[in-house]
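Biologist: I would love a close look at one part of this protein: the way its helices sit against one another. Could you take me through the packed pairs, residue by residue where you can?

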Amino acid sequence: MRVEIWSDIACPWCYVGKARFERALADFPHRESVEVVHRSFELDPDRAKGDTTAVLTMLERKYGMSQAQAEAAEEGVGAQAGAEGLAYRTKGRDHGNTFDMHRLLHFAKAQGADRQDALIAALYRANFAEEESVFDDDERLVALAAEAGLDPEAARAVLADPAAHADDVRADEREAAELGANGVPFFVIDRTYGVSGAQPAEVFEQALAQAWGSRSPLTVLGEGAADGQDARACGPDGCAVPQA
């Protein structure tokens, strides 16, 4: 069973939602049969690279909040993150373009799902819990890629080439629109069930169980001989040998 997660590194609810989903997945009886794939979604795709602003300032401008409201909003998210065991800095963080991070995540995916998951975890932690910005220095991203087990020189080359994995990011974003996702996190289970938002772990548990239970058994066509044709096959114990 495959679970695809559309998310953005700048999205605090994606950070929280990932932890809640992983808690549900850890208790899922068939977790070893679940493939998790991270997909790209930019919350601020029109922001130029290098154009960063304080998160509190962004909240005030984008949502018309007062400074006190923006601070309260961040404290609220921080409390939710803390309940999941996640570190979260409610003051001093910045906000910027995440396109290069998504390109790196596709590069990591090409090296294996475990590398992609390790990188997205490192990016979330760096953005929400650490002081050093992930938006204003490519070398910061290279270091995080190396931490996730990726070759730093290869990661640096990806960042230096604006076209590298750019089409992959755009394809994910088009697919999100086709699926009707206008916000993140957005979880798609076996292309049958969708879960929107950082739902409680119990909701993810129910979705995983329902998706697994509704999987249709494979219908095998053409078993045995038909129209006089030989339909023998090979199996774990060897291959059927025609008898004279």
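Modeller: Happy to. Let's begin where helix 2 meets helix 3: Val-55, Leu-56, Leu-59 and Glu-60 come from helix 2, and their partners in helix 3 are Gln-67, Ala-70, Glu-71 and Glu-74. Sorted by class, this contact holds 4 nonpolar, 1 polar and 3 charged residues. Please keep in mind that this is a predicted model.

As for geometry, two packed helices are described by the angle between their axes and the distance between the axes. Helix 2 covers residues 55-63 and helix 3 covers residues 67-83; their axes come within 9 Å and cross at roughly 120°. An angle between 115 and 145 degrees falls in the oblique range, so helix 2 and helix 3 count as oblique to each other. The crossing of this pair is right-handed.

A word on the setting before the next pair. The chain has 244 residues, 43% of which count as buried, and it contains 9 helices and 8 strands. Among contacts with a separation of 6 or more, 70% join residues 24 or more positions apart. The accessible surface is about 12800 Å², with 49% of that belonging to carbon and sulfur atoms.

Now to helix 4 and helix 5. Helix 4 spans residues 99-111, and helix 5 spans residues 113-129. Their axes come within 6 Å, crossing at roughly 150°. Because angles over 145 degrees count as roughly antiparallel, that is the description for helix 4 and helix 5. On the helix 4 side you will find Met-101, Leu-104, Leu-105, Ala-108, Lys-109 and Gln-111, and on the helix 5 side Ala-113, Arg-115, Gln-116, Leu-119, Ile-120 and Leu-123. By class, that makes 8 nonpolar, 2 polar and 2 charged residues.

Helix 4 also carries a residue worth a pause, Arg-103. Its relative accessible area is 1%, and buried means under 20%, so Arg-103 is buried. What does Arg-103 touch, leaving aside its neighbours within four places in sequence? Its contacts are Val-158, Leu-159, Asp-161, Pro-162, Ala-164, His-165, Ala-166 and Val-169.

One of those contacts, Leu-159, also takes part in the pairing of helix 7 with helix 6. Helix 6 runs over residues 138-147 and helix 7 over residues 152-160; they pack at an angle of about 140°, with their axes 9 Å apart. Helix 6 and helix 7 are therefore oblique to each other, and their crossing is right-handed. From helix 6, the residues in this contact are Asp-138, Glu-139, Leu-141, Val-142, Ala-145 and Ala-146, which meet Pro-152, Ala-155, Arg-156 and Leu-159 of helix 7. The contact has 7 nonpolar, no polar and 3 charged residues.

Let's finish with Arg-156, which lies in helix 7. Arg-156 has a relative accessible area of 28% and is partly exposed, whereas Arg-103 is buried. Not counting residues up to four places away in sequence, Arg-156 touches Glu-139 and Val-142. Arg-156 and Glu-139 are 17 residues apart in sequence, and their C-alpha atoms are 7.7 Å apart in space. Both Glu-139 and Val-142 are among the helix 6 residues in the contact with helix 7.

Conventions. Residues numbered from 1 in each chain as written. Predicted model: local features only at pLDDT ≥ 70, side-chain atom pairs only at ≥ 80, totals over all residues. Heavy atoms only, no water. Helix = DSSP H or I, 4+ residues; strand = E, 2+ residues; numbered from the N terminus. Buried < 20%, exposed > 50% of the residue type's maximum accessible area, 1.4 Å probe, protein only. Contact = heavy atoms within 4.5 Å. Areas by Shrake-Rupley, 256 points an atom, 1.4 Å probe, with all protein chains shown as cover. Axes fitted to C-alpha atoms, helices over the stretch in contact; angles between N-to-C directions. Parallel < 35°, antiparallel > 145°, perpendicular 65-115°, else oblique. Left-handed = near helix turned anticlockwise from the far one by under 90°. Nonpolar A, V, L, I, M, F, W, Y, C, P; charged D, E, K, R; others polar.
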